[in-house]
Amino acid sequence: MKTFFKILTFLGILAAGFALFAFLRSSRSAPEQKTDKDLAPMVETTAASSADEAAVVRASGTVVPARSVTITPQVAGKIVWRSEDLVPGGRVSKGQVLARIDPADYDIAIAQQKSRVAQA
């Protein structure tokens, strides 16, 4: 008997929902139709012309390089020549000579090694 009342209650709620849906659907009014008026644009336009003028940009901030490179030699020695491009913020090309080290120390080391080989 409880199952019968549960089913009857379910069907009653379902029927009431359908009845409410049908009532709301039939009582709605059609939306009001409006025609669009041809409105003029609210901007003012001018013809473009070219001119030679310098653009002035005033700004502040910190400039950060895209790449930062630290140059360290593989051997010790006195630098006898340095490229003019080797300055902070300077640009250098791949393969460009940046500095030259005094070859005197290496010439002496080579002579010493040659004498050791000759003595051996």
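Before I show you anything, one term: when I say patch, I mean a group of residues with over 30% relative accessible area and no salt bridge, and nonpolar side chains join the group within 5 Å of one another.

Hi everyone, thanks for coming. What you see above is a predicted model, so let me start with how confident the predictor was. The protein averages a pLDDT of 87, and 100% of the residues score at least 70. Among the parts of the protein, helix 1 has the highest confidence, with a mean of 92, while strand 2, residues 99-101, has the lowest, at 89.

Now to that patch. Which residues make it? Ile-7, Phe-10, Leu-11, Leu-14 and Phe-18 together form a nonpolar surface patch of about 530 Å². Let's pick out Phe-18, which you'll find in helix 1, spanning residues 2-27. Is Phe-18 buried or exposed? Phe-18 counts as exposed, because its relative accessible area is 56% and the cut-off for exposed is over 50%.

While we're on rings, a search of the whole structure turns up one aromatic pair. There is also a nice contact between a charge and a ring: Arg-100 places its charged end over the ring of Trp-81, 4.8 Å from the ring's centre.

Next, please follow the chain past helix 1. Ala-40 lies in the loop that runs between helix 1 and strand 1, the latter being 79-82. Ala-40 is exposed too, because its relative accessibility is 60%. How far apart are the C-alpha atoms of Ala-40 and Lys-94? They are separated by 60 Å, with their positions 54 residues apart along the chain.

Last stop, helix 2, residues 104-119, where Lys-114 is located. Lys-114 has a relative accessible area of 58%, so this residue is exposed as well. From Lys-114 to Thr-62, the C-alpha to C-alpha separation is 55 Å in space, and the two are 52 residues apart in sequence.

So, to leave you with one picture: Phe-18 belongs to the nonpolar patch, and Arg-100 sits with its charged end over Trp-81. Happy to rotate the model for anyone who'd like another look!

Definitions and conventions:
Residues are numbered from 1 along each chain as its sequence is written. This is a predicted model: local features need pLDDT of at least 70, side-chain atom pairs count only at pLDDT 80 or more; totals for chains, interfaces and linings use all residues. Side-chain values use heavy atoms; hydrogens and water are left out. Patches are made of residues with over 30% relative accessible area and no salt bridge: like charges are joined within 9 Å, nonpolar side chains (Val, Leu, Ile, Met, Phe, Trp, Tyr) within 5 Å. Accessible areas come from the Shrake-Rupley method with a 1.4 Å probe; for residues, only the protein chains shown count as cover. A salt bridge is a side-chain nitrogen of Lys or Arg within 4 Å of a carboxyl oxygen of Asp or Glu. Helices (H or I, at least four residues) and strands (E, at least two) are DSSP runs, numbered from the N terminus. Buried means under 20% relative accessible area, exposed over 50%, partly exposed in between (1.4 Å probe, protein chains only). Rings of Phe, Tyr and Trp (its six-membered ring) pair if their centres lie within 6.5 Å; planes under 30 degrees apart count as stacked, over 60 as edge-to-face and the rest as tilted. A charge sits over a ring if NZ of Lys or CZ of Arg is within 6 Å of the ring centre and within 35 degrees of the ring normal. pLDDT is the predictor's confidence in each residue, from 0 to 100.
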